[in-house]
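Fresh page in the notebook today. I wanted to look into cavities, salt bridges and one loop glycine, and here is how I went about it.

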Amino acid sequence: MATIKLHAFLFLSSIILSIDLSFSYERPPPRKSIFLSLSQHLHSSSPQQVHISMVGSDKMRISWITEDSGTPATVKYGTSPGIYPFSVNGDTTKYKYILYKSGDIHNVVIGPLKPNTVYYYICGPFSSPEFSFKTPPAGFPIKFAVVGDLGQTDWTKSTLDHISKSNYDVMLLPGDLSYADTLQTLWDSFGRLVEPLASRRPWMVTQGNHEIEKIPILHRQSFTSYNARWLMPFEQSGSTSNLYYSFEVSGLHIIMLGSYTDFGPSSAQYKWLNNDLKKVDRKKTPWVIVLVHAPWYNSNNAHQGEYESYGMKSSMEDLLFKARVDIVFAGHDHAYERFTRVSKDKANNCGPIYITIGDGGNKEGLATKYIDPKPEISIFREASFGHGELDVVNATHAQWSWHRNDDDEAVIADSIWITNPSCKQ
């Protein structure tokens, strides 16, 4: 009965979208929400919701959940199937959210690891299923999959299926993961949904508004579930919060910012960002990329006038411009949009390219209405579900492509070559 009620709730929460006929592309209709229960074939001590994330230059964090208590936080691994010469122990935590109690959340950091190498691993008991992942390359070329606002619908599944075929090295996700929206079992469902991908390649994420989950009186702490389930390597970059951090991989310095924590000039995040940018060595990492959730540039009618967008832009845009950041990815708007290189609302060859990629497939549907006429700095915009791919070929050239979900086929709808540096320092 509880499962039936849950599916009814998820179905009713879907939004039927109107079709904007002003675009030549006829957008597909919304698709139903999905919920993945724990497989009957898994034991209560079996690892589930397995995902990995990078820690430093040569380590990987393995994260998973077990239903029962007492399962050891141990990962055994090696470079051959079924042979695990290395064993590492980690930490186990859990959390409560009103009446919900999570399973045991295990985090184990393994390494040092060789670049561009496939590792096989098991989590917990020796009878655990075998998983595998490939480490990113030591240098160029490297390929990123980029998508925001995933959620859990049939469109989400279509997006993930397309990404799985892209042979990417690292996933970048600018917020709004599960769309649990306080319904904690949806966090569990999301973990099961993304495990086939997230257990095989590192997923580096930041938070969005749907991760806040703060309820007056009932639950006064923000980001409880997100921080417990998706631990990122914030301490390694000198950050004091899981909501913002940076990491380096294969010639890129990547910064994940928090749109929903303090970002003013006197805030800890601002001071951390200022210091982090000063440490960037462009000879070592010639590319600098930033991810936020709330877009600083946006010509969609959705989410106009939100402080998390204009306030953060006002506070931090100069820092990014002076550091010659190459690209800023955002989510939040359920559509795709690419701006030219911009600073202070004007085209500027020394500014970053701004890209909104909040079109992963969430239950709220697409944001189909745009400001008319289109601003000159907006180069391409379309309200369709899809994902992006960033192929960084070398220190000076990268190709960005946006892949629209078109009848379950990934169709390249926008593509551009990006050069670095774009102007003299």
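I began with the cavity rule: on a 1 Å grid over the protein atoms alone, a cavity is a set of points where a 1.4 Å probe fits but cannot get out, and lining residues have an atom within 4 Å of a point. Grid points are joined across faces, edges and corners, and a volume is the space filled by probe spheres set on the points.

Ground rules next. I am working with a predicted model, where local features need pLDDT of at least 70, side-chain atom pairs count only at pLDDT 80 or more, and totals for chains, interfaces and linings use all residues. Residues are numbered from 1 along each chain as its sequence is written, and side-chain values use heavy atoms, with hydrogens and water left out.

**Entry 1, confidence.** I found an average pLDDT (the predictor's confidence in each residue, from 0 to 100) of 91, with 92% of the residues at 70 or above. Residues 1–25 stay under 50.

**Entry 2, cavities.** I counted five cavities of 30 Å³ or more, and the largest has a volume of about 80 Å³. Its lining includes Gln 49, His 51, Trp 64, Phe 190 and Arg 229. Strand S1 (48–55), strand S2 (59–66) and helix H3 (185–198) each give at least two lining residues; helices (H or I, at least four residues) and strands (E, at least two) are DSSP runs, numbered from the N terminus.

**Entry 3, salt bridges.** I listed 14 of them, each a side-chain nitrogen of Lys or Arg within 4 Å of a carboxyl oxygen of Asp or Glu. Asp 169 pairs with Lys 134, with 3.0 Å between the closest N and O atoms. Asp 169 sits in the loop between helix H2 (154–164) and strand S12 (170–174) and Lys 134 in strand S10 (residues 131–134), so this pair ties together parts 35 residues apart in sequence. I noted Asp 169 as buried at 10% relative accessibility and Lys 134 as buried at 14% (buried is under 20% relative accessible area, exposed over 50%, partly exposed in between; 1.4 Å probe, protein chains only).

Arg 282 and Asp 326 form another bridge, at 3.2 Å. Here Arg 282 is partly exposed at 22%, while Asp 326 is buried at 2%.

**Entry 4, the glycine.** Where does Gly 82 lie? I placed Gly 82 in the loop between strand S3 (74–78) and strand S4 (86–89). Gly 82 is partly exposed, at 48% relative accessibility. Tyr 120 is 38 residues from Gly 82 in sequence, yet their C-alpha atoms are 7.5 Å apart.

How values were computed: 1 Å grid on protein atoms, 1.4 Å probe; cavity = no way out; pocket = protein on both sides within 12 Å on 5 of 7 lines; lining within 4 Å. Contact = heavy atoms within 4.5 Å.
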